[in-house]
Amino acid sequence: MKQTISVLVENRAGVLNRVASLFSRRAFNIDSLAVGVTDDPSLSRMTIIVDNGNNVVEQVEKQLNKLVEVIKVRTLDEGNMIGRELMIIKVSANKNNREHIMTICNICGAKAADISPTSMTLEISDTPDRVDVFEDMMRPFNILEVARTGVIALQKGGGKI
Amino acid sequence: MEMTGAQILMEGLAREGVEHVFGYAGATICPIADALREDPNLDYTLVRTEQNAGHMASGYARVTGKTGVCIVTSGPGATNLITGVATAYMDSIPMVAITGQVPSNLIGRDIFQEVDITGAVTPFTKHCYLVKDAAQLPVVLKEAFHIASTGRPGPVLIDIPIDVQEQLVHDVIFPEEIRIRGYNPSVRGNDKQIANVAAAIGMAKRPVICAGGGVFLAHAEAELRAFAESTGIPVVTTMMGLSLLPTEHPLNMGMIGAHGNTTANKALVKSDLLIMIGTRVADRAIVSPDEIQKRMANIHIDVDPAEIGKNMQSALPLVGNAKVILRQLMERGAKADCGEWRETLQELRRTNLGRGYPTKEGYVFPGRLLRLLGERLKEDAAVCVDVGQNQIWACKHLRLRGVRFLTSGGLGTMGYAIPCAVGVKTAQPGRQVVAVCGDGSFQMSMNELAAVKAGGFDLKIVLFRNGVLGLVNQIQGKEPYHGPFGVRLDGDPDFAAIAGAYGIPSMTLRDEGKVEETLDGFLAAKGPCLLIAEVSPEWKTTD
């Protein structure tokens with residue numbers, strides 16, 4: 001089962017290395033890791049998706065908490081969080097199938113970000129499974145390139161970690 | 001006030017109460033060397049390889065309770081130090097390691113003696129810094145010593161480029177206190193959980209205390225003894241917990257684990273409540289944590305919450321400093337009713353301690369020698385033990401009355417004993433100190449005989465010579481392996497001549513009948529002395 005861990009860290013050089021090093025050193029499996037600065041410029045938020053085999057999440061939390069530059073760690077409740085991933089996807093496209101592609105984009109909530117005589121670049125921001133669906137729907141059009149950010153997440157409601 | 005980075009470093013060390021540093025010179029720490037030259041308050045020991053600067057700082061830290069400090073150069077100096085840092089990390093020894101670095105504007109260009117040392121040591125330091133502005137040094141030093149010495153102690157490395165050591169800083173401010181928002185180790189145990197733990201102890205019929213190195217780190221030796229004596233609960237220890245209680249203390253059932261004794265292991269598996277204090281359930285101590293976890297309830301007291309549930313789940317976790325928690329438990333009046341259980345174990349223990357030793361013409365058995373050595377040591381002596389068969393024999397046979405037992409328990413670093421002993425002697429020159437080595441481990445740091453000689457230390461070194469890497473030889477001699485390989489120490493030197501070359505006298509012992517008088521002469525000798533005991537390569541740690 002996948003678990004989403006939200007980690008507030010000092011916004012400093014080397015912190016990402018420490019966190020990544022911890023995961024490999026302790027043999028924890030990372031699915032994705034996304035990091036960006038928060039409203040407080042001295043803090044970054046990392047959103048880490050781990051595979052909770054062997055109930056490893058508790059150890060992950062504890063080991064993360066040991067890092068001096070980690071301020072707070074919270075495992076988010078899957079039913080009570082907003083998790084989003086951004087994907088940019090480039091597919092082969094021409095005047096014959098552009099409309100077909102746009103129809104799928106409209107259904108999935110994706111939009112065109114770039115266009116050329118032989119390609120279209122599309123973007124979608126949604127839950128990872130809906131991003132997966134969109135990617136699958138684009139497969140028949142010959143995917144040229146994909147970039148995904150990994151999930152970022154916050155818990156629902158007025159609280160903060 | 002205008003100071004260079006190197007001068008700030010000296011002032012910062014002085015403010016942390018540092019009186020001694022262990023180090024090795026090199027090009028990128030020349031500004032620090034210059035500052036050391038002019039600092040009358042900081043003593044310096046030159047090691048012969050950087051790894052041993054770490055081990056000496058470790059020995060120093062373990063007997064003083066202060067943070068050990070070592071300073072080495074960039075590149076190979078820093079990489080040589082890595083084993084010393086990793087050894088300290090595994091045994092949670094408070095240490096600040098300072099490395100020189102190439103000029104900051106050249107970092108990343110692979111210039112002469114450049115290595116990414118903070119990148120290398122990240123997995124086995126508690127924290128590390130690469131300082132790019134000397135103005136940050138006062139805060140970095142304050143943080144480094146705070147982090148190294150509080151909570152679960154450990155090594156912190158500070159990498160300082162040579163230009164930062166030379167950088168002039170105006171209006172230097174040394175902080176009196178610092179606050180690190182991501183670092184707040186627990187000290188006191190949760191009161192409600194203290195009550196639960198006290199209640200569980202009260203209900204137990206066959207409780208046992210398993211004490212580890214964390215008790216020493218919390219300076220809770222007296223509290224552990226008082227807690228055991230006031231509750232009457234038998235005590236077993238891990239290797240790192242050896243010498244918390246005298247060997248023959250009525251509540252001490254000895255060391256547990258793969259190399260432990262039968263009484264201690266029986267106490268562990270037959271207990272109905274396991275009270276672990278300052279131990280991380282290492283594989284050598286608790287061989288099958290899954291089994292133990294199923295069999296009995298356990299209380300796990302540790303300052304590091306990540307140790308609880310890492311190798312074994314605990315029904316009653318208690319996070320905090322061992323000294324504080326033991327006092328809380330005693331204030332709570334924790335009592336156990338376990339007289340019958342205690343007497344059964346004590347009876348078994350007496351039978352165990354009364355065992356005999358094998359003999360062989362021309363050799364002396366290390367177990368017997370160590371037992372007789374232990375009886376002759378002053379009560380406040382320190383014994384620094386290396387890694388290999390010598391370590392296991394010492395754990396099993398050395399009778400400790402009040403003596404401090406020091407070894408590399410976690411990383412199992414061969415060559416630890418002599419530099420550790422030099423560190424102890426540096427801190428406490430008047431203390432009786434004995435290093436115990438095998439001929440394999442001795443050769444990993446016999447170059448530090450120079451530090452022994454230079455320091456004028458009356459260090460006594462016992463060398464068990466059997467011409468083989470004995471413990472690995474034992475492993476290779478059993479299934480699934482097919483026999484020894486690469487363990488015979490062909491080309492071993494004449495150890496007496498080696499010691500002699502450093503101006504250190506030696507004695508050789510190959511007759512069981514002469515052990516006692518030789519030991520008396522050895523311990524009474526003025527100055528350092530090497531005792532070479534001839535040991536049969538066939539003897540095993542199980543003999």
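**The cavity and the contact between chains A and B**

In this predicted model, the largest cavity is lined by Glu10(A), Arg12(A), Val68(A), Glu69(A), His127(B), Tyr129(B), Glu143(B) and Ile180(B).

Student: What is the volume of the largest cavity?
Tutor: A search of the whole structure finds one cavity of 30 Å³ or more. The volume of the largest cavity comes to about 40 Å³.

Student: How many residues in the lining of the largest cavity are charged?
Tutor: Both chains contribute to the lining, with Glu10(A) and Glu143(B) among the residues named. Sorted by class, the lining has three nonpolar residues and one polar residue, and the number of charged residues is four.

Student: Which residue of chain B meets the side chain of Glu10(A) in a salt bridge?
Tutor: Glu10(A), which is one of the residues lining the largest cavity, also takes part in the contact across the chains, where the count between chain B and chain A is two salt bridges. In one of these, with an N to O distance of 3.2 Å, the partner of Glu10(A) is Arg181(B).

Student: On the side of chain B that touches chain A, how many residues are nonpolar?
Tutor: The contact takes 20 residues from chain A and 18 residues from chain B. By class, the side of chain B that touches chain A has five charged and four polar residues, while the nonpolar residues number nine.

Student: What percentage of the area buried between chain B and chain A do carbon and sulfur atoms give?
Tutor: Across this interface, seven residue pairs are found in polar contact. The area buried between the two chains is about 1,500 Å², and the part given by carbon and sulfur atoms is 46%.

Definitions and conventions
Residues numbered from 1 in each chain as written. Chains lettered and ligands numbered in written order. Predicted model: local features only at pLDDT ≥ 70, side-chain atom pairs only at ≥ 80, totals over all residues. Heavy atoms only, no water. Contact = heavy atoms within 4.5 Å. Buried area = accessible area lost by both parts, 1.4 Å probe. Salt bridge = Lys/Arg side-chain N within 4 Å of Asp/Glu carboxyl O. Polar contact = N/O pair within 3.5 Å; in protein donor to acceptor, adjacent residues only side chain to side chain. Nonpolar A, V, L, I, M, F, W, Y, C, P; charged D, E, K, R; others polar. 1 Å grid on protein atoms, 1.4 Å probe; cavity = no way out; pocket = protein on both sides within 12 Å on 5 of 7 lines; lining within 4 Å. Points joined across faces, edges and corners; volume = space filled by probe spheres on them.
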